[in-house]
Amino acid sequence: MSRSAPKVGFVSLGCPKALVDSERILTQLRTEGYEVSASYEDADVVVVNTCGFIDSAVQESLDAIGEALAENGKVIVTGCLGKREDTIREAHPSVLKVTGPHAYEEVMTAVHEFVPPKHDPFMDLVPPQGIRLTPKHYAYLKISEGCNHRCTFCIIPSMRGDLVSRPIGSVMTEAENLAKAGVKELLVISQDTSAYGVDLKYKLDFWGGRPLKTRMMEMCEALGELGVWVRLHYVYPYPHVDDIIPLMAQGKILPYLDIPFQHGSPSVLARMKRPAHAENTLARIKKWREICPELTIRSTFIVGFPGETEAEFQELLDWLKEADLDRVGCFPYSPVEGAKANEIADPVPEDIQQERYERFMKLAAEISAARLQKKIGREMTVLVDEIDEENGVAVARSMADAPEIDGNVFIEGEGATLLKAGEFVKVRITDADEYDLYAERLA
Ligand code: SF4
């Protein structure tokens with residue numbers, strides 16, 4: 001976590017349902033780059049999740065608010081007692097904001113208002129648009145912090161330190177609580193999801209009394225039991241990733257892998273010091289698709305990395321064509337201060353970077369469009385994200401689309417706007433463009 005990350009103190013009182021709310025708020029805070037402060041003094045703002053069930057709980061909650069005000073001064077109140085805003089304001093007129101139970105979006109809006117999130121494109125795991133609140137039906141599940149690699153273009157390890165995995169019991173409890181609270185899709189995030197548990201030597205932990213190892217495979221199996229969509233982000237192609245593919249083929253977790261390949265030329269990958277760069281990824285991708293033909297692969301790339309020659313760039317284009325990736329993002333290299341890559345070779349001039357970026361994106365768009373064309377006529381289940389009344393469509397996603405970064409499935413036709421966000425719907429794909437699909441609802 002960045003040293004300058006804004007810090008939020010958190011006091012949680014009350015019943016297990018309030019705890020679910022607290023965990024959701026805490027997950028969202030961490031996802032958006034806030035640190036959770038263990039002390040009042042360090043916190044930029046304090047959230048008190050209250051209980052108002054019986055008189056003694058009301059008093060305990062009012063006391064907790066009073067303590068947070070005395071120690072810190074900036075307090076946001078949420079939870080059951082929030083329904084009685086008058087009682088709270090009478091006792092503590094200076095609280096910044098009062099929200100009721102299960103109002104985590106309002107709490108996050110209040111946190112944004114009083115302590116804005118810091119957005120850093122090189123540090124944040126969520127996309128820039130991710131500052132927008134996660135709708136209730138999907139949630140990010142952060143399984144670790146930091147990273148053991150030292151990619152030459154990246155300064156995350158120097159800011160956040162080496163990999164620190166959360167024990168699997170804690171990850172699974174949070175995932176289970178999110179599922180119980182109505183979340184339909186969990187997005188597993190970290191800096192390096194396939195390395196999960198390495199730092200803990202895959203330590204045995206417990207989830208609901210059941211022993212589980214803190215390891216990617218066991219985590220995926222356990223998450224697959226929750227009955228929600230589970231999507232893996234930031235996976236590196238280590239050999240053990242092969243073991244996850246059958247879980248996808250069996251429908252336990254989504255057939256979706258977000259692997260930030262970053263390049264396709266072995267010499268550039270070596271200069272980048274990318275994890276698992278020596279693996280023969282093209283052969284692996286081919287094998288994965290044989291086992292799980294539904295597999296969607298998304299990735300990001302850097303073009304114009306220092307020293308990148310035209311031949312190396314061409315290797316990347318050839319690699320991409322062969323890999324036939326579904327979803328691709330690309331950034332021209334940008335010299336982050338403190339990154340080793342800035343010293344290892346001459347920078348690629350900006351105009352060449354831009355030209356390569358355009359050539360790369362053109363090819364990526366062609367591949368994406370061709371892959372989406374093949375989906376026309378197919379029936380599939382999609383998850384509704386929102387209703388666009390103005391255009392008379394429901395905006396949904398298929399298993400192949402992560403929120404914010406991938407495409408959408410637009411459900412058209414009568415009744416589309418009567419659908420609800422968070423609803424699973426069966427549709428038939430009627431059309432496709434470069435990045436999105438269009439569909440009609442099946443009876
Ligand atoms: S894997 Fe590389 S790019 Fe990703 S956080 Fe670690 S050092 Fe940075």
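## Two helices side by side

In this predicted model, helix 11 and helix 13, the latter covering residues 350–373, pack with their axes 10 Å apart and at an angle of about 10 degrees. Angles under 35 degrees count as roughly parallel, and helix 11 is therefore described as roughly parallel to helix 13. On the side of helix 11, the contact is made by Glu310, Phe313, Gln314, Leu316, Leu317, Leu320 and Lys321. Helix 13 contributes Arg356, Arg359, Phe360, Leu363, Ala364 and Ile367 to this contact.

What kinds of residue make up the contact of helix 11 with helix 13? They divide into eight nonpolar, one polar and four charged residues. Phe360, which helix 13 brings to the contact, also belongs to a cluster in which ring pairs link Phe261, Phe301, Trp319 and Phe360.

## Aromatic pairs

A search of the whole structure finds eight aromatic pairs. One of them is formed by Tyr138 and Tyr140, whose rings lie 6.3 Å apart from centre to centre, with 85 degrees between the planes, in an edge-to-face arrangement. Tyr138 has a relative accessible area of 1%, while the value for Tyr140 is 7%; because buried means under 20% relative accessible area, Tyr138 counts as buried, and Tyr140 counts as buried as well.

Another edge-to-face pair is formed by Phe153 and Phe305, with 6.4 Å between the ring centres and 85 degrees between the planes. This pair links distant parts of the chain, since its two residues are 152 residues apart. Phe153 belongs to the loop between strand 7 (144–145) and helix 5 (156–160), whereas Phe305 belongs to the loop between strand 14 (296–303) and helix 11 (310–323). Phe153 is buried, with a relative accessible area of 10%, and Phe305 is buried with a value of 0%.

## Charges over rings and positive phi values

Where does the charged end of Arg215 sit? It sits over the ring of Tyr202, at a distance of 5.2 Å from the ring centre. A second arginine, Arg231, lies over the face of Tyr256, and here the distance to the ring centre is 4.5 Å.

Most residues other than glycine have a negative phi. Tyr202, the residue whose ring lies under the charged end of Arg215, has a positive phi near 55 degrees although it is a residue other than glycine. Tyr202 is placed in the loop between strand 9 (185–189) and strand 10 (204–207), and with a relative accessibility of 29% it counts as partly exposed. Tyr234 is likewise not a glycine and has a positive phi of about 55 degrees; its place is in the loop between strand 12 (229–232) and helix 8 (245–249).

## Two buried residues and their contacts

Val241 is also found in the loop between strand 12 and helix 8. Is Val241 buried or exposed? At 0% relative accessibility, Val241 counts as buried. Leaving aside residues up to four places away in sequence, Val241 touches Ser194, Val235, Tyr236, Leu257, Arg284 and Trp288. Trp288, one of these contacts, lies 47 residues from Val241 along the chain, and the C-alpha atoms of the two are separated by 9.6 Å.

Leu383 is a residue of strand 16, which runs over residues 379–388, and it counts as buried at 0% relative accessibility. When residues up to four places away in sequence are not counted, Leu383 touches His137, Lys184, Glu185, Trp229, Val395, Ala396, Arg397, Gly422, Glu423 and Phe424. Among these contacts is Lys184, which is 199 residues away from Leu383 along the chain, with 8.4 Å between the C-alpha atoms of the two residues.

## An exposed residue in helix 12

Glu343 is found in helix 12, which is made up of residues 341–344. Its relative accessible area is 67%, and because exposed means over 50%, Glu343 counts as exposed. The C-alpha atom of Glu343 is separated by 8.4 Å from that of Pro306, although the two residues are 37 residues apart along the chain.

Note on methods
Residues are numbered from 1 along each chain as its sequence is written. This is a predicted model: local features need pLDDT of at least 70, side-chain atom pairs count only at pLDDT 80 or more; totals for chains, interfaces and linings use all residues. Side-chain values use heavy atoms; hydrogens and water are left out. Rings of Phe, Tyr and Trp (its six-membered ring) pair if their centres lie within 6.5 Å; planes under 30 degrees apart count as stacked, over 60 as edge-to-face and the rest as tilted. Buried means under 20% relative accessible area, exposed over 50%, partly exposed in between (1.4 Å probe, protein chains only). Helices (H or I, at least four residues) and strands (E, at least two) are DSSP runs, numbered from the N terminus. A charge sits over a ring if NZ of Lys or CZ of Arg is within 6 Å of the ring centre and within 35 degrees of the ring normal. Axes are lines fitted to C-alpha atoms, for helices over the stretch in contact, and angles run from 0 to 180 degrees between N-to-C directions. Angles under 35 degrees count as roughly parallel, over 145 as roughly antiparallel, 65 to 115 as roughly perpendicular and the rest as oblique. Contact means heavy atoms within 4.5 Å. Ala, Val, Leu, Ile, Met, Phe, Trp, Tyr, Cys and Pro count as nonpolar, Asp, Glu, Lys and Arg as charged, and the others, Gly among them, as polar.
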